[in-house]
Amino acid sequence: MSSSLLEVRDLKIEATAYPPGEAPRDITIVEGVSFKVEKGKVLGLIGESGAGKSTIGLSSMAYGRGGVRITGGEVFVNGNDILKAGPAGLRALRGHEVTYVAQSAAAAFNPAKKLMEQVIETTLHHGLMTRAEAEERAVSLFARLGLPKPESIGNRYPHQVSGGQLQRVMTAMALCPKPDLVVFDEPTTALDVTTQIEVLAAIKEAIADTGVAALYITHDLAVVAQVADHILVLQGGQMIEYGTIDHIINSPSEPYTQALVSVRSINHHEKSGGAPVLSVRDVTARYRGTKFDVLKNITLDLPEAQTLAIVGESGSGKSTLARVITGLLPPSSGEITFDGRVLPADFEARTRDDLREVQMIYQMADVAMNPRQTVGTIIGRPLEFYFGLRGDAKKQRVQELLDEIEMGEGYIHRYPAELSGGQKQRVCIARALAAKPKVIICDEVTSALDPLVADGILKLLLDLQKRENVAYLFITHDLATVRAIADSIAVMYQGRVVRYGGKTEVLSPPFDDYTDLLLSSVPEMELGWLERTIANRKMAAAGN
Amino acid sequence: MTRIPLAALIGLFFTGLYFGAAVFAGWIAPYGMAEIVGDSWEPASAAHWLGTDSIGRDLLSRMIWGGQTTIFVAAAATMLSFGMGSILGFFAAVKGGWVDQLLSRLVDLMMSIPSLISALVVLSVLPVSLPVLIIVMGVLDSTRVFRLSRAVAVDITVMDYVEAARLRGEKQLWIIFREILPNALSPLVAEMGLRFIFAVLFISTLSFLGLGVQPPLADWGGIVKENKEGIVYGISAALIPAFAIASLAISVNLVADWVLNRTTSLKGGRG
């Protein structure tokens, strides 16, 4: 039949939608997708959310998540059409020939069982090895994946290891039954860049050592460029482009692929000088009832109509800094000044005008808007509240704001659930702008969005800055975003600012150790970046 | 108008029937509420569709008049308990800290005494009139509503949109009524269907024990009490109110489920 390990021919996947108040109807999620994976090769599936990449990945195990049905085409694993395999055949296939690594390891493990039990469970279930053999294999996989104390880490519970380690343990779980094919579904998306690079290197090495084939699903082309041999680009359930990694990265032929490759190429010239509109003076803060300072002696200035980016990994205290500035968490010492005057530490003590001047945009636009209010109400409320606009004057201003965020007419009466992810974030921006603030705090505003959509939001923010003279305090973990929009940068690590200055200055050597680690961990869209970086680090470690 | 599911139609029909009968009792009931029209426990006949009760009053008329009292008291008590319980619950959730502690512990204290016992104690001291009954039942029931609405609101107050409203400088009233209430409505509506039925059972229980609606005013619990001796002689008069309560309970909840389904959609055009 077929010499390939996995061959998918003309796959069609459907689901039933249940729009409220209407008759259910069938929608096509994936159509006309065909590809092959040879033994020992890695195929990257790339696309935005909703492109059908996870759905296609799971179809290689003949599984449809949440009522999704595979309605057409053929899927061959080792020459057998698994869509015709029947329940017994599928049980033999899943967890033995094909295994799966999920995106969120923290949610995929049973918190009440030890790691070892879960890693060897399927292997024992399929009767592939004795318990002793399986445990031995698991320990050797732990060692190969670079986990600390491989002999004893299996005795821990999922909450006793870090997120990056858990992701590697799940990879070990997938590799334990010696599968022919592993499906990786966004295995590093939830991790910090500094952790991501370790997990990525571990996965790549494990794939090479065990000779297993893999499907690697991600939305980040720079990541997949490091591990894949071939790439399949998907959009809206259709194949856009399929080729070798070299072809896709260096000479993509489709416009959509070209856009993906060249994303984040915004050129922003750094501004400097200018009087600070917002200053953080020697702020130390801790959460109530704890003895640990989350922020330690932070001092920063945000000049008028400029962007200060706060960079750091999760737990570095960057979101806490936003809470201190907005007055949600009064600092234990230090102060916040705005336009030269000291702001009260607690937001309840601030005047309405103080509150108006500092607005906030959140990471998750979904929960930042009341789902029971229309777009008109959401944007209109600050107008009514701060400027007393009512009736037609308010309506007109809401429309002006909608035009400014490039959404135009017809959205005023919609509810947030009727908007796309990018549109939701735009509405949040409009709500912040409606208050005519001097400062907007942007807390990871693009990290929940697809790269192309995020790009659009960043361009809009830069555009608005020019027109409205608003300053941004831009909190992010993504250095590419920082390069695109910042004027000055503060790098935070464990509650301290470890590096602070103009963009070019911060991003140029000589680096401190942490900034160096952070910068070198950001995947670049070129082949061989991962090996080079790992090799550099090993050399540096050997030199010390 | 979208299609109404069959279950909701059945629920709407019977709920409408009971409420309609209660509102228009004066026109519908064939005889007066306390009018003696025949012998005791006459069997059903063309003149008396459900027969007569222990002292010869028309049972159908008693049921209709009794339904009016029972449904009116239960509905008023439910409204009181939801008004009080949900607003205090939201307030406790929004304020947090000692306000929350004080209100929650007070509610725990009230809930630690079985509500029937506290109602019996209070009603044996106070004069038993309809307003007193409604207030006692409403206040006792509001503790349950308080706990539900507080639990629902605590999850909502941590959402970013509530934080955004706070940072805008909004007052507590706006946050409670505009940010939290619309999002907490679905579980509250579901609970309201259930609570109304509990109120019907509660007032019937009190009347059966003689501390609820006082004779000659009719109510369903009272009708059971007046006719309970008949069961020994194979007379089913006491079972009729029980059937009425059961069918009302089911139909009200069918309607509540339907309303719940319609209000959980976050997209436009609800209602």
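This report walks through a predicted model of two chains, A and B, from overall build down to a few backbone details.

Being a prediction, the model is filtered by confidence: local features need pLDDT of at least 70, and side-chain atom pairs count only at pLDDT 80 or more, while totals for chains, interfaces and linings use all residues. Residues are numbered from 1 along each chain as its sequence is written, and chains are lettered from A, with ligands numbered from 1, in the order in which they are written.

**The two chains**

Let's start with chain A, which has 21 helices and 20 strands. Helices here are DSSP runs of H or I with at least four residues, strands are runs of E with at least two, and both are numbered from the N terminus. The C-alpha atoms of chain A fill a box of roughly 75 × 65 × 45 Å along the principal axes. Its radius of gyration is 25 Å, which agrees with the value near 24 Å for a compact globule of 544 residues. That radius is taken over C-alpha atoms, and the globule rule is 2.2 Å times the number of residues to the power 0.38.

Chain B is made up of 10 helices and zero strands, so to speak an α-α-α-α-α-α-α-α-α-α run from the N terminus on. Its C-alpha trace spans about 75 × 50 × 30 Å along the principal axes.

How many residues of chain A are in contact with chain B? There are 22, and they meet 15 residues of chain B. Contact here means that the C-beta atoms of two residues, placed from the backbone, lie within 7 Å. On the chain A side, α12 (352-357), α13 (365-368) and α14 each supply at least two residues. That side divides into 14 nonpolar, four polar and four charged residues. For these classes, Ala, Val, Leu, Ile, Met, Phe, Trp, Tyr, Cys and Pro count as nonpolar, Asp, Glu, Lys and Arg as charged, and the others, Gly among them, as polar.

**Domains of chain A**

Chain A is assigned domain 1 (6-261) and domain 2 (276-508), with bounds that come from an automatic or database domain assignment. The domain centres, taken over C-alpha atoms, are 36 Å apart. Eight residues from domain 1 and six residues from domain 2 make the contact. On the domain 1 side, α7 (193-210) and α10 (255-261) are the elements that give two or more residues. By class, the domain 1 side has three nonpolar, three polar and two charged residues.

**Two helix pairs in chain A**

The table puts two packed pairs next to each other. Axes are lines fitted to C-alpha atoms over the stretch in contact, and angles run from 0 to 180 degrees between N-to-C directions.

| Helix pair | Angle | Axis separation |
|---|---|---|
| α14(A) (375-387) and α16(A) (421-434) | about 20° | 7 Å |
| α6(A) (163-175) and α7(A) | about 15° | 9 Å |

α14(A) and α16(A) are therefore roughly parallel (angles under 35 degrees count as such, over 145 as roughly antiparallel, 65 to 115 as roughly perpendicular and the rest as oblique). Their contact includes Ile378(A) and Leu383(A) from α14(A), and Val427(A) and Arg431(A) from α16(A). It has eight nonpolar, no polar and one charged residue.

α6(A) and α7(A) also come out roughly parallel. Among the residues that meet are Gly163(A), Gly164(A) and Thr171(A) in α6(A), with Ala202(A), Ile203(A) and Ala206(A) in α7(A). This contact has five nonpolar, six polar and two charged residues.

**Backbone oddities**

Most residues other than glycine have a negative phi, and most peptide bonds are trans. Ala305(A), not a glycine, has a positive phi of about 55°, and sits in the loop between β12 (293-303) and β13 (307-311). Pro509(A) and Pro510(A) are joined by a cis peptide bond with omega about 0°. Pro510(A) lies in the loop between α19 (503-506) and α20 (513-521).
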